[in-house]
Every structure is written in structure tokens, then in C-alpha cells.
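Please find below my notes on the model, set out as numbered points. They are meant to be read beside the sequence and the coordinates.

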Amino acid sequence: MNTDEKMALISRNAMEIVNENELRELIETKENPVAYIGFEPSGLVHMGWALVTSKIKDLCDAGFTVKILWADWHASINDKLGGKLENIQACAHYMEDCFIALGVPRDKVEFVYANEVLQDLDYWAKVIQVGKVSSLSRIKRTMTIMGRKEDEAELDSSKILYPIMQVTDIFHLGVDVAYAGIDQRRVHMLAREVAEKFGWKKPIAIHTPLIPGLKGNSRMNVDGVKAVEKVAGDTIESASANMIEMKMSKSDPNNSINIHDTPESIKKKIKKAYCPPEKELEGENPMLVISKYILFPRLGKLDIARPEKYGGDVSYATYEALTEDYFSGKLSPPDLKTGVADGMNAVLAPVAEYFAAHPERYEKIKEILVSLGKL
């Protein structure tokens, strides 16, 4: 695979790369670069992970080793799963299974636990260094990465540590590329600023879009910087902060697809989903976003079953062909929903098979969620 092919693979479905010239140079000069993504273990996994795991696989296929950091102490600071480390780590074990079930190549990724990383005193030396060159107001602005408001640190000062630790993770793990959803942009930009101040290796940042909720009351546009500016009325920097409540989230089960949902449940949720026919709302239509960023990359096509009186079954080989028919009226919203529901069930079929054979960790996290009144 040459450099152009690797660049095309890495940039596929990416919303932003900061920056492409640095990425190209990295690919051309380093045989086995290292990428990283951090996860806060906090509950059951939703459909947005299908996009994330596809990008992790793209990085692996492009020759990267991908470090997946389970940010267990970070999750404790953020009060997830009762703030108990044992609950959070049990969730991380379950999430490892989710990665494998969704197709991440186990031999090309490295799972790392923050609890182990934090045993190194050098890590805390870096935490202090990062804090010394970062103003309090700058750190508080990055707290949106946690789904928190700036003033929450007034009641719990440990939350100030979270962004500093996330920046430190990048340097302590020695990664070349930091990958995350666009909602994590602020902390990646802070890491690049810190690197400049110390002469450390500046991390390249890759951001993918967030999958919008099904109800249409939590919307985002995913077609690049200008589209984000249209939604947020500002630059992509501040727009990323406004996406915390826009993504598909497990906090509202009727607004998202859980990867463990049954085919019947998925069809029921999709039937009620927001699906406007207007072209100007393309980026706000969860059915189109799911098709573009999950179904076509995973399935290579979208098959739609419909009665003969409405034109009969139809198959689309590209997203562009799908939207051409959809916006011209040849494909109706109900028929699109049918295709998306069937496509999602096809994507998640291997997940159901995997957990049928390996139920232990899934059952454990369900027990924890029940005990906390979250399931």
C-alpha cells in the first residue's frame, strides 16, 4: 500500500485531520506509527461505535499500531458507574469484547489501562508540566470533552485534572496520532499547543463525526468544517463543544441504537426516527448519516425491500446513488427506514453471535448497571 492509498484509507469518513501534511510525512518516514484513542468506560455500547471501530481498522490496515486506552481513573473523576474503579474496569473488559465483536483486529491493537499508566511517577511529572503551561480558563474550556460545563469544577475540583490527564496520556503513551470523535477536538488542540511549548512531538489529530440521535432533537451536520459552522454559527473549534448533546448517546435508549438491541427493537426505533426528505437537512437526517458512515462502509451497498406497487426491491451501490433517489422523491422516508433497519441488523448480526458465545463480561456489566438503577 503506497502513501496515497494509506492517506485515502485513513481520511475515509474523517471529518478533520490536523494536519494532512504532517500525516503524510509520518507515513512516509515511519514504518510502524502509533495511533491512540481513549475511552471512558461508562455503560453499554451504542451504534456510534461501528464508525469508530471501522476507523480503528482503517488505521491498522494502513500500518498503524493502535493503542486503546481505557480511561478508568478519568471515568471515576467523571462520576461514571458510581465512580467505583472496579465497576469501570469491568465495563472496560466488556468493551474489549465489543471491539472484537465489531471487527477490530485483536492482534493489531494494544489495550492499555490508565490505572497501570498512572503507577509511573513520570506520568505525574508530565501532568504538572502540562498544568504549568495551561491556564485555568483554558483547561476549563476543554471540560466539554467530559460532557461537563465549566462551572462544575467549582463543586468538584478533581474535574480540572481530567483534561490535563487526557493531554498527558497522549505524550506518555508516545503516540504519533490522536484519534477521537470531533467532540474531543479541544483537548487535542491543547495537546498540540503544549507540544510546541516544550518541543515535544506534536500529535496529529484525526476526528470523525458523531452519529446524531434518532429523534432529530439532537442534531449535527457531519459534512465538514463549513457544515459545522452552519450549525454552530462559529468555527469548528467552538462547534465541537456544542456536539456533546448532539451525538447518539446511551443515556436515552429511545434516541439511540444499542449494539445488543434485537432486530425487532431496532426496527421499532427506526420506524419512529426523524427522517426529513429535504436535501438541506441531509446532515441532520440520522438515517442518511447512518447509511453514509456505517452501512455503506460496512456492507458496501444498501438493499431496500419494498412492495412492487412502490417500485419493488432496490439496491444502492453508493451513498450518492441513494441520496439522488431520496431527494428526487423516488425513494420515500419509510422505505429508507426499512433499508437502514435491515442494514443495521446485518451489521450487528456478528455482534449477537459473538456475545452468544462469550456472554460473561456482558452479563457482568448488566448486573452493575442494574445495581446502579441504570438498566
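How many helices and strands does the chain have?

1. The chain has 17 helices and eight strands. I note at the outset that this is a predicted model, and the points that follow should be read with that in mind.

2. As to the chain as a whole, buried residues make up 57% of its 375 residues, while its accessible surface comes to about 16300 Å², 50% of which belongs to carbon and sulfur atoms. If one takes the contacts with a separation of 6 or more, 75% of them are accounted for by residues 24 or more positions apart.

3. Turning to the sheet, six strands form an open arrangement with mixed pairing, and their order is E1-E6-E5-E2-E3-E4. The edges are taken by strand E1 (16–18) and strand E4 (109–113), each of which pairs on one side only. On average, and with direction ignored, neighbouring strands of this sheet are turned by 20° against each other.

4. Two of the pairings deserve a separate remark. Strand E2 (residues 34–39) and strand E5 (residues 177–181) run parallel and are joined by two bridges, with Ala35 standing opposite Val177 in E5. Strand E3 (residues 65–70) likewise pairs with E4 in the parallel sense, here over five bridges, and the bridge partner of Trp70 in E4 is Tyr113.

5. Is the edge strand E4 mostly covered or mostly open, and how many of its residues are buried? E4 is mostly covered, since four of its five residues are buried, although as an edge strand E4 pairs on one side only.

6. Helix H3 (residues 48–61) has 14 residues and reaches 20 Å from its first C-alpha to its last, which is close to the 20 Å expected at 1.5 Å a residue. Because 12 of its 14 residues are buried, H3 is largely enclosed by the rest of the structure. The buried residues of H3 include apolar ones such as Leu51, Val52, Ile56 and Leu59, but Lys55 and Asp58 are also among them. Just after H3, Gly63 takes a positive phi of about 100°.

7. Within H3, Cys60 may be worth examining in the viewer. Cys60 has a relative accessible area of 4% and therefore counts as buried, the cut-off being under 20%. Leaving aside its neighbours within four places in sequence, Cys60 is in contact with Val66, Pro105, Lys108 and Val109. Of these contacts, Val66 falls within the residue range of strand E3, and Val109 within that of the edge strand E4. Cys60 and Val34 are 26 residues apart in sequence, and their C-alpha atoms are 9.5 Å apart in space.

8. Which residues does Lys126 contact once its neighbours within four places in sequence are left aside? Lys126, whose place is in helix H7 (residues 121–132), is then in contact with Thr168, Phe171 and His172. With His172 there is also a polar contact of 3.2 Å between the two side chains. Lys126 counts as buried because its relative accessibility is 14%, where the cut-off is under 20%.

Conventions:
Residues are numbered from 1 along each chain as its sequence is written. This is a predicted model: local features need pLDDT of at least 70, side-chain atom pairs count only at pLDDT 80 or more; totals for chains, interfaces and linings use all residues. Side-chain values use heavy atoms; hydrogens and water are left out. Buried means under 20% relative accessible area, exposed over 50%, partly exposed in between (1.4 Å probe, protein chains only). A polar contact is a pair of N or O atoms within 3.5 Å; within protein, one must be able to donate a hydrogen and the other to accept it, and residues adjacent in sequence count only if both atoms are side-chain atoms. Contact means heavy atoms within 4.5 Å. Two strands pair if DSSP finds at least two bridges between them. Axes are lines fitted to C-alpha atoms, for helices over the stretch in contact, and angles run from 0 to 180 degrees between N-to-C directions. Accessible areas come from the Shrake-Rupley method with a 1.4 Å probe; for residues, only the protein chains shown count as cover. The expected span of a helix is 1.5 Å times one less than its number of residues.
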